[in-house]
Amino acid sequence: MTDARWMAAALALATRGRGSSAPNPNVGCIVTAGGHVIGRGWTQPGGRPHAEAMALAQAGAAARGATAHVTLEPCAHASPRGPACADGLIAAGLARVVVAMTDPDPRTAGQGIARLRAAGIDVAEGVGEQAARTELAGFIRRMAGQGPEVTLKLALSLDGRLALPDGRSRWITGEVARAHSHLERAAADAIIVGHGTWATDAPALDVRLPGWSGRQPARAVLGSTAIDGILTLSSLAELDDHGWQRVLVEGGGATAGALLAADRVDRLLLYCAPILIGDGRSLAGLALPDLAAAHGRWRLTDRRPLGSDSLEEYRRNR
């Protein structure tokens, strides 16, 4: 297989660490020899072991002379939680390392690649970089001091309504779309709703999937009233205070409008049901000076049917 295909496989492994790897990024690594996989790894819950350490442990002595494909530059900084991955790859005797992107963490930031090359290891950079940057968008933002990646989920009727006039929105979409939204919850560090949605629907804000035994994301409500067992965020600025990399916001209209007006949304998930509501609630608080200001802000990245409903995913052009 080509480097691009091996890296795509490593990126698929990286997705297994979504929502559980913080404070570390979710990274994937595949070690191959003679065209065969001899080790694979992804960042484990809580951030350790790193993907490279897991893959090298599986490969054992067979790693000598092998190739590793890693979705993020191997770390070069010492940590009380574990050794530097660059040193581990060197000690294992790897002949070649393929890296998708440089680590934005200033403690590594190119030093891992430099250390590998100084040890005589052939290093290729930039393979699958755009896909890696998309996967690690929350980590990249956090390293830049920009807070987490924010995904806004909206369940809509055909006429663009988010809820009935009294605020009730259970359920606009069907079971398949709701199951997909629980996959999104499982990938998030935190799930947030506005106080109005909490008061009207009392959502559980947890992952409910058959056989699910993984971690549950943090639950938060945006508002000023304290709620037992739920983190209260008094302002959007508090999104940045908890070390989260991926945040899923599930409405309602006022919260969604405030986030969009503040340009804090990086990813939109629009679940559309084939129903008409008529009089009902929609986005609130989002005002544009003219239609020209609305264009060019979002790009479509996915579209799929989900039972009788449909999903469109958009990413913010920045």
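Where does proline 49 lie in this predicted model? Read on through the close-ups below, and the second one will take you there.

**Close-up 1. A cis peptide bond joins alanine 22 and proline 23.** Let us start with the loop between helix H1 and strand S1 (28–33), where proline 23 has its place. Omega for the bond from alanine 22 to proline 23 is about 15°.

**Close-up 2. The peptide bond from arginine 48 to proline 49 is cis.** Here is the reply to the opening question: proline 49 sits in the loop between strand S2 (36–42) and helix H2 (51–59). Omega for the bond from arginine 48 is near -5°.

**Close-up 3. Alanine 109 has a positive phi.** This backbone detail is worth a pause: phi is near 40°, and the residue is one other than glycine. You will find alanine 109 in the loop between strand S4 (96–99) and helix H4.

**Close-up 4. Helices H3 and H4 meet at a right-handed crossing.** The axes of H3 (residues 85–92) and H4 (residues 111–118) come within 9 Å of each other and cross at roughly 20°. That angle makes H3 roughly parallel to H4, because angles under 35 degrees count as roughly parallel. On the H3 side, the contact is made by Ala86, Asp87, Leu89 and Ile90, which meet Gly112, Arg115 and Leu116 of H4. Sorted by character, the residues of this contact are 4 nonpolar, 1 polar and 2 charged.

**Close-up 5. The largest pocket has a volume of about 900 Å³.** Its lining is made of 43 residues, and those nearest the centre are Lys153, Ser169, Thr197, Asp201 and Glu250. Two or more lining residues come from each of strand S6 (149–156), helix H7 (175–186), strand S7 (190–194), helix H8 (195–201) and helix H9 (253–261). Helix H7 gives the most to this lining, with 7 residues. By character, the lining of the largest pocket splits into 19 nonpolar, 15 polar and 9 charged residues.

**Close-up 6. The second largest pocket has a volume of about 670 Å³.** Of the 31 residues lining this pocket, Thr15, Arg18, Glu135, Ala187 and Arg246 are the closest to its centre. Among the helices, H1 (3–14), H5 (129–135) and H7 each give two or more residues to the lining. Strands S6, S10 (246–249), S12 (298–306) and S13 (309–316) also give two or more each. Which element supplies the largest share of this lining? Helix H7 does, with 4 residues. The lining of the second largest pocket divides into 13 nonpolar, 6 polar and 12 charged residues.

Definitions and conventions:
Residues numbered from 1 in each chain as written. Predicted model: local features only at pLDDT ≥ 70, side-chain atom pairs only at ≥ 80, totals over all residues. Heavy atoms only, no water. Axes fitted to C-alpha atoms, helices over the stretch in contact; angles between N-to-C directions. Parallel < 35°, antiparallel > 145°, perpendicular 65-115°, else oblique. Left-handed = near helix turned anticlockwise from the far one by under 90°. Contact = heavy atoms within 4.5 Å. Nonpolar A, V, L, I, M, F, W, Y, C, P; charged D, E, K, R; others polar. 1 Å grid on protein atoms, 1.4 Å probe; cavity = no way out; pocket = protein on both sides within 12 Å on 5 of 7 lines; lining within 4 Å. Points joined across faces, edges and corners; volume = space filled by probe spheres on them.
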